[in-house]
Amino acid sequence: MKTYEDLANIIFPDIDETIEDLEKKYPPRNCKGEVTRFAPSPTGFLHTGSLFTSLVSKKVAESSDGVFYLRLEDTDQKREVVGAKETLVSGLKTFGVTPDEGFDIPHEHGEYGPYLQSNRRNIYRIVLKELVKRGDVYPCFCSSDDLNKLREFQERNKMVPGYYGEFAKCRNLTVDEAISRIENGEPYVLRFKSHGDHENKIECEDLIRGRISISENDLDVVVLKSDGLPTYHFAHVVDDHFMRTTIVIRGEEWISSLPLHVEMFKRLNFPLVKYAHLPLIMKMDNGKKRKFSKRKDPEANVSYFLENGYPPVSLIVYLMTIVNSNFEEWLVGRNVLDFNEFKFSFSKMSLDGALFDLKKLDYYSKEVIASFDIDTLFNNVKKYAEQYDTDLNELINRDETYFKSILNIERDGPHPRKDYAKYKDIYPSIRFFYRDQYEEIVRDSGIAFNPKFEKTLIHEILLESTSLYSCLDETSWFEGLKEIASKHSFAKDTKTFKANPSDYLGHVGDVAEMLRITFTGSRRSPNLYQTLHILGEDEMNSRIAFIASTLLK
RNA sequence: GGCCCGUUGGAGAAGAGGCUUAACUCAUAUCCCUUUCAAGGAUACAUUCAUGGGUUCGAAUCCCGUACGGGUCACCA
């Protein structure tokens with residue numbers, strides 16, 4: 001007659017260490033703050049929702065003088081994607097949600113590692129060995145086929161599906177039988193023997209939701225898969241205990257497995273961590289709310305924002321508006337770039353999923369871009385262009401100083417221009433500054449002067465305007481423009497014109513438009529005077545001559 | 001379907017029994033400013049808090065039911 005101890009030794013012949021040893025190896029931290037973590041699995045890109053979760057985790061640690069670490073949950077090799085680890089690490093860095101400790105490339109850092117779950121195999125096996133000894137974990141030889149049949153049977157009979165109670169066949173196997181099947185080479189998994197009863201309710205405390213009452217877990221879940229790696233549930237309990245996490249911050253989708261986790265903590269005699277379950281970020285789809293989807297929503301991938309040239313802080317600021325409801329009010333009257341000084345609190349967190357609002361992102365992104373000083377802006381744009389925007393990059397490389405002066409139009413003063421929500425918007429609106437591009441614009445879309453005015457008149461005004469270049473400042477330049485306008489029977493300002501429209505051909509605005517179209521090929525452009533001086537006198541004259549010649553054809 | 005969580009304007013939301021004529025931000029609309037645009041300024045936009053009932057002198061706020069939305073039921077996390 002064999003014992004659980006024999007079983008444990010057969011399953012884990014190489015394990016000598018105990019939970020006790022692990023407790024000594026990973027002692028409680030001497031850190032007064034909260035210990036939080038971000039624990040993604042390397043199955044693809046950095047998800048916008050994950051960024052949100054990690055942002056909150058980072059904020060909580062930061063505001064309590066604690067630790068925020070990164071742990072990679074790579075226990076599902078089938079889903080693992082090459083390069084995903086790097087993407088995750090670099091993603092966090094570019095968004096400024098940098099961990100204090102944990103997984104990193106090339107080397108992880110911290111005293112509580114390894115921070116890559118596949119390297120923690122032995123830790124799980126040590127804990128598991130003890131659980132087998134205690135009879136809390138048992139081998140299960142059911143095939144996925146058996147499991148499917150069980151499930152179908154349960155569904156047919158309208159029973160709760162799952163491996164539990166009387167349906168948990170392998171839980172009642174004798175130790176002798178289990179041992180002989182293992183020795184026969186039969187594949188098996190390890191399951192946790194639940195003591196729970198579905199009829200009993202337990203109360204769980206959630207930092208955001210308060211008390212949640214849920215039925216006890218009664219499922220004998222798999223804790224060790226046949227490939228020797230643990231499942232999420234088990235790894236979560238072991239890792240967050242030995243890495244000394246104090247608050248587990250994760251998505252709302254985990255609430256339903258909370259009873260299982262609570263039961264495991266109890267049976268392991270580990271003090272229960274605190275939990276905070278975050279609302280999911282949602283998306284409107286055909287009038288229905290649903291959670292962000294990897295496949296359907298490009299914005300679910302954080303790189304969407306990078307590719308479009310949103311400054312990373314813009315996304316973070318936007319996410320902050322969802323994180324805490326009082327953030328926006330706090331921000332009023334402050335510089336957006338000071339967003340980091342905001343104090344996070346769980347109580348100001350909403351309970352239901354927010355719809356992702358691109359328009360609001362754009363609004364804050366304009367604020368962010370307008371708040372950058374010109375050098376920062378220039379460097380950011382340059383980096384963006386190098387990576388994602390070849391057209392823009394080509395223009396920048398022609399002459400950086402020239403490009404910088406374009407970027408800097410109307411950025412001084414109390415109300416800097418806010419025309420870009422993302423760097424992708426830059427190229428189409430500034431390319432007219434470059435001669436070849438300008439000619440392309442004129443060729444492709446033509447020159448559309450207001451047909452109200454005679455071509456000869458436009459021609460005359462254009463030629464006269466060349467003398468204005470020497471004006472020393474914008475005021476005198478504009479005065480000069482008014483003189484020209486007035487000379488040709490245009491009102492000097494809109495008001496005068498509106499008072500007696502029949503007395504005039506038009507107003508200065510019409511005259512300015514002629515110049516604007518001539519220089520930029522468009523009726524809309526940034527400040528004309530500054531534009532003119534960036535182009536330079538020669539270029540101005542050349543463009544006037546170019547357009548003027550077409551007028552007299 | 002079982003279980004869990006949630007429900008205040010188009011969106012994010014404040015609100016903890018009387019101070020709410022429901023804050024603040026985005027969006028939208030109109031007006032002002034203005035040589036165009038981007039801004040900036042002003043105003044408007046929920047007679048009502050999913051719904052039905054209850055508790056109370058008094059409810060968006062407390063209780064119960066209903067509806068709706070979301071999540072979850074894997075050897076995925």
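Helices and strands here are DSSP runs, a helix having at least four residues and a strand at least two, and they are numbered from the N terminus. With that naming in hand, let's walk through this structure, which is a predicted model. Its scores are ipTM 0.94 and pTM 0.93. Chain A has a mean pLDDT of 92, with 100% of its residues at 70 or more.

Let's begin with the RNA. Strand B is surrounded by 69 residues, and the closest are Glu 73, Ser 325, Ser 350, Asp 352 and Ala 512. What mix of residues makes up that surface? It divides into 22 nonpolar, 21 polar and 26 charged.

Now for the inside of the protein. The largest nonpolar core has 84 residues, and those with the most contacts inside it include Leu 51, Leu 55, Leu 315 and Val 317. Helix H11 gives this core its largest share, 9 residues. There is also a second, separate core of 29 residues, with Ile 126, Val 132, Tyr 138 and Val 237 among them.

Pick out Val 317 and look at what it touches. Leaving aside residues up to four places away in sequence, its contacts are Val 336, Phe 339, Tyr 364 and Val 368. Tyr 364 and Val 368 are also among the buried residues of helix H13, along with Leu 361, Ser 365, Lys 366 and Ile 369. Part of what covers the buried residues of H13 is helix H11 (312-323) and helix H14 (374-388). Does the length of H13 make sense, or not? At 1.5 Å a residue, its 14 residues (358-371) should span 20 Å, and the end C-alpha atoms are 20 Å apart, so the two agree.

Helix H5 (residues 121-134) makes a nice second example. H5 has 14 residues and reaches 20 Å from its first C-alpha to its last, close to the 20 Å expected. Its buried residues include Ile 126, Leu 128 and Val 132, and also Lys 129 and Glu 130. Among the elements covering the buried residues of H5 are helix H1 (4-11), helix H2 (19-25), strand S4 (137-140) and helix H8 (232-242). Right after H5 comes Gly 135, whose phi is positive, near 80°.

From H5, hop over to Phe 265, which lies in helix H9 (residues 258-267). The C-alpha atoms of Phe 265 and Leu 128 are separated by 13 Å, though the two are 137 residues apart along the chain. Phe 265 touches Val 237, Phe 270 and Leu 272, again not counting residues up to four places away in sequence. Is Phe 265 buried, exposed or partly exposed? Phe 265 counts as partly exposed because it has 17 C-beta neighbours inside 10 Å.

Last, a few backbone oddities. Most residues other than glycine have a negative phi, and most peptide bonds are trans. Yet a cis peptide bond joins Ile 105 and Pro 106, with omega about 5°, and another joins Gly 113 and Pro 114, with omega about 0°. Pro 106 sits in the loop between strand S3 (101-102) and H5, and Pro 114 is in the loop between S3 and H5 too.

As for phi, Asp 65 has a positive value of about 65° although it is not a glycine. Asp 65 is in the loop between helix H3 (48-63) and strand S2 (67-70), and it counts as exposed because it has 10 C-beta neighbours inside 10 Å. Glu 410, also not a glycine, has a positive phi of about 50°. You'll find Glu 410 in the loop between helix H16 (400-407) and helix H17 (426-430). With 14 C-beta neighbours inside 10 Å, Glu 410 counts as partly exposed.

Technical notes:
Residues are numbered from 1 along each chain as its sequence is written. Chains are lettered from A and ligands numbered from 1 in the order in which they are written. This is a predicted model: local features need pLDDT of at least 70, side-chain atom pairs count only at pLDDT 80 or more; totals for chains, interfaces and linings use all residues. A residue is near a molecule or strand if its C-beta atom, placed from the backbone, lies within 6 Å of it. Ala, Val, Leu, Ile, Met, Phe, Trp, Tyr, Cys and Pro count as nonpolar, Asp, Glu, Lys and Arg as charged, and the others, Gly among them, as polar. The expected span of a helix is 1.5 Å times one less than its number of residues. A residue is buried if 20 or more other C-beta atoms lie within 10 Å of its own, exposed if 12 or fewer, and partly exposed in between; C-beta atoms are placed from the backbone. Two residues are in contact if their C-beta atoms, placed from the backbone, lie within 7 Å. A nonpolar core is a set of buried Ala, Val, Leu, Ile, Met, Phe, Trp, Tyr and Cys residues joined through C-beta atoms within 7 Å. pLDDT is the predictor's confidence in each residue, from 0 to 100.
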